[in-house]
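Q: Can you walk me through this model, and tell me what the labels rest on as we go?

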Amino acid sequence: MSVMLLLLSALVLIYFSIGGKTAAIVMSVATVIGVAQDDWHLLSFLIGGLLLALALLVTLPGDLRLDKLSRPLLGWVRGRLPKLSDTEQEALKSGSVDWDGELFSGKPEWNKLLDAAPAHLTSEEQAFLDGPVEELCKMLDDWQITHEHYDLPDKVWKFIRSKGFFGLVIPKEDGGLGFSNTAHSEIVMKISTRSVSAAVTVMVPNSLGPGELLMHYGTDEQKQHYLPRLAGGDEIPCFALTSPVAGSDAGAIPDKGIVCKGQWNGKEVMGLKVTWNKRYITLAPVATLIGLAIKVYDPEHLLGEQDDIGVTCVLVPRDTDGVNAGTRHLPMNTVFMNGPTWGTEVFIPMDQVIGGQDMLGKGWTMLLECLSIGRSISLPALGTGAGKLASLATGSYAYTREQFGRTISQFEGVQEALEPIAGYTYMMDAARLLTVGMLDRGVRPAVPSAVLKYRNTDLMREVINHAMDVVAGRGVITGPRNFLARAYQAVPIGITVEGANILTRSLMIFGQGAIRCHPFIVEEIEAAGMEDQDKAAKKFDGIFYRHLAHTTRNALRSFVLGLSKGWLETAPRHGEIQQYYRQLGRFSAAFAMMTDVTLLTVGGGLKARQRLSGRMADCLVHLYYATAVIKQWHEEGYPEDQRDLVEWSLQTCLHDLQVAMREAIINFPVAALRWPLRLIVFPLGATGLNGPDDKLGARVAATIVDDTPVRQRISRGTFVNLDPDDPLGRVLNAYKLANETAGMRQRLHEAIRSRDEDELDGIALLMGHQRKELVDWACAQGIVTADECPKLEEALTALYDVIRVDAFDADGLKALAKGAKGKRKVVERPAKH
């Protein structure tokens, strides 16, 4: 009884996070009561006393615990903690932790999420979206850009530069617009729904580029000289990081700068001889100012005793002798300027080091800080824009396209494809807004930026693939009428750049997050790395037992909440979604416990266990996106018409989360732990893995088909026009007319179906382009009134025009291959052979 009461009291104390002297008193009282219940039996007294002594030793700090437990444990822990490279240590120091830390805690404080300042636009930013951004979108013809000019037209370049698109985030005092990160994201997203090439052109100078590096790290002289020129478009910037042999490994950069003296503007100054060979550099072919990441060496010790100074960021004017740029890559038929740049022993003065000579060797930290910002904005905005475009266009097309006398949006197979288009787009937008809201609060979200880049570009692929399935032949024929081809072709670009998704998922998200966001690991690593053993032991002593309680508490929470299916977890009452809060709390505890077990058993081998790391990354992704959906619904006031989207998103995230966690457990590298982990996380078995049912899925599919406010909410931020000669406008115009004439067309279809072929006087044999004859017949039969006939004919013409595709003659195709405008036909009837 003494043992049972002691263990029970200890577990209860840990579960409710009660420690210190209170815990010691409770455990002592429980042990005394237990021994008394055992009639003060000697064996009970001895066992209970020994266990109580051990519990008090662990619970209460002191020299005894320090010498007998902490010092030996520190030596053991040193062998288990991950070994970090210099670049990984820099990564841990960069950025900051926000909501991601709560997910790693195992017990998220929901008020921190719900009360955090949301993403928002100022009236000035909204006016810019409604004005210059809208005007820019109207100027863009994506077919001409990608198949005729292979570039943005001159007038577009001039407009972008003159209206400040290259200085969105540069402060007003430096000549920029001084916009928020939310505005930056909204602007890039809207442009991307019109032209990926234009969106990339705008986003790169405002994300990872010389401008942002100068804003944060530049000297006063550099800021005064370059920022106004960048903001006004007098300078076109690029930043070159990727080298052919280094890829995403910054520590392996072969590009170098040798400290030396040289001539600059007629004077001998201290500087660098820079040699580089970079590729995949956006804007490099047209850049007037090239930013470089290089490694600096000082073999002659002109600056000090150190030979290897480290990664450094420098600026090289394009007109400097020895600079090579101008040739182009062509990324998947999108024609934003992208290409290689190289140079051999190009001399630049120390003034061209970003931040000056004092910032030599600090480039990796600079890049990590800025990457966490840019990666949170640019590609996630592109992914969301693709989802919004697909939702708007594909939902409209599915409603206007008829087969077997019905709109194809009524077919369950089509609904099955429309469902994830709508749901995933809603999720992408929610995660985008959660993260840019963090940025606007001053957070530098290193881990969420990786989560968002990976997941939004991955969901972009899912959404566009489903959209292509619905649009089918209409989507695969290249031509000016195609409204999906460019988004489809651009998918691999987003997945590949700024850290390829395989790398981001399998190494970065969990590998970095497990350490960066953990409440104790960083301090334990610091303690293990201290040279002063006494200080190391004392620091470790103050952390390790809290960590032990943290892990035990999360294991208990995971088990208890698993047994109760989450019902013992407290949850906010907002939105009547308590069951989802409870499940997310349950699996946050399981995720935190799994993180500790992984670090304890796999430790430094985690880098080689990339399947495990990838599955744990997936768990974090699904937790993050589910909570982002909750946050966004909260900020919008819990509108009931979004409930289906919210519940679909939460059910999908929880389903995918459980699948990922189950796969991580059944494939856990330490086989002996698989069964205990399954018992703790899934004590009742892996039940409840079902995602949204068909009824909910059908309602979610309808959100992008039916003309309702929720459809407008999903596509909010998309460039919209109703021009029947525009690729997207053609579909939206037909959708509008289809809704306006739904009753007329229904009467027409019913009349045709209700009569046999002889009664129809051959009307059933009319071709699709013989609309006037069909409308005249309907009018003569009294199916529609004379006043309705013009509108009906206009609608039928628009509906037929939507399904037509481009066709080129032989000369036209040859001209296109040469970059010239080809002769194009829109085929009305089958050609004669």
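A: Sure, starting with one term: two residues are in contact when they have heavy atoms within 4.5 Å. This is a predicted model, in which local features need pLDDT of at least 70, side-chain atom pairs count only at pLDDT 80 or more, and totals for chains, interfaces and linings use all residues. Residues are numbered from 1 along each chain as its sequence is written, and side-chain values use heavy atoms, with hydrogens and water left out.

Q: What does Phe 591 touch, leaving aside its neighbours within four places in sequence?
A: Phe 591 is in contact with Leu 103, Phe 104, Phe 510, Met 616, Cys 619, Leu 620, Leu 623 and Met 661. Phe 591 also belongs to the largest nonpolar core, where Leu 418, Ile 464, Phe 591, Tyr 625 and Met 661 touch the most other members.

Q: What makes that set of 117 residues a nonpolar core?
A: The label needs buried Ala, Val, Leu, Ile, Met, Phe, Trp, Tyr and Cys residues joined through side-chain atoms within 4.5 Å. Phe 591 is one of the 117 members, so it counts as a buried residue of that kind, joined in this way. Helix α24 (residues 610-635) gives the most to this core, 14 residues. Apart from it there's another core of 64 residues, including Met 189, Trp 276, Phe 336 and Met 350.

Q: Why is Ser 105 called buried?
A: Buried means under 20% relative accessible area (exposed is over 50%, partly exposed in between, with a 1.4 Å probe and protein chains only). Ser 105 has 16%, so it's buried. Ser 105 lies in helix α6 (residues 99-105), and touches His 550, Arg 553, Asn 554 and Ala 592, not counting residues up to four places away in sequence.

Q: And why does Arg 557 get that label too?
A: Its relative accessible area is 1%, which falls under the 20% limit, so Arg 557 is buried. Arg 557 lies in helix α22 (residues 533-563). In sequence it's 123 residues from Ile 680, yet the C-alpha atoms are 9.0 Å apart in space.

Q: How do you know that β2 and β3 pair?
A: Strands pair if DSSP finds at least two bridges between them. Strand β2 (residues 256-264) and strand β3 (residues 267-282) have nine, in the antiparallel sense, so they pass. Lys 261 stands opposite Met 270 in β3. The hairpin has two residues between the strands, and Asn 265 takes a positive phi near 55° there.

Q: What makes β4 a partner of β2 and of β1?
A: Three bridges join β2 to strand β4 (residues 289-297) in parallel, and β1 and β4 have four, also parallel; both counts meet the minimum of two, so both pairs stand. Lys 256 is opposite Lys 295 in β4, while Phe 239 is opposite Gly 291.

Q: Why say that both faces of β1 are covered?
A: On one side of strand β1 (residues 237-240) are Pro 237 and Phe 239, on the other Cys 238 and Ala 240, and all are buried. Each therefore falls under the 20% limit.

Q: What counts as a helix or strand here, and how many are there?
A: They're DSSP runs numbered from the N terminus, H or I of at least four residues for helices and E of at least two for strands. The chain has 33 helices and eleven strands. Of its 833 residues, 56% count as buried.
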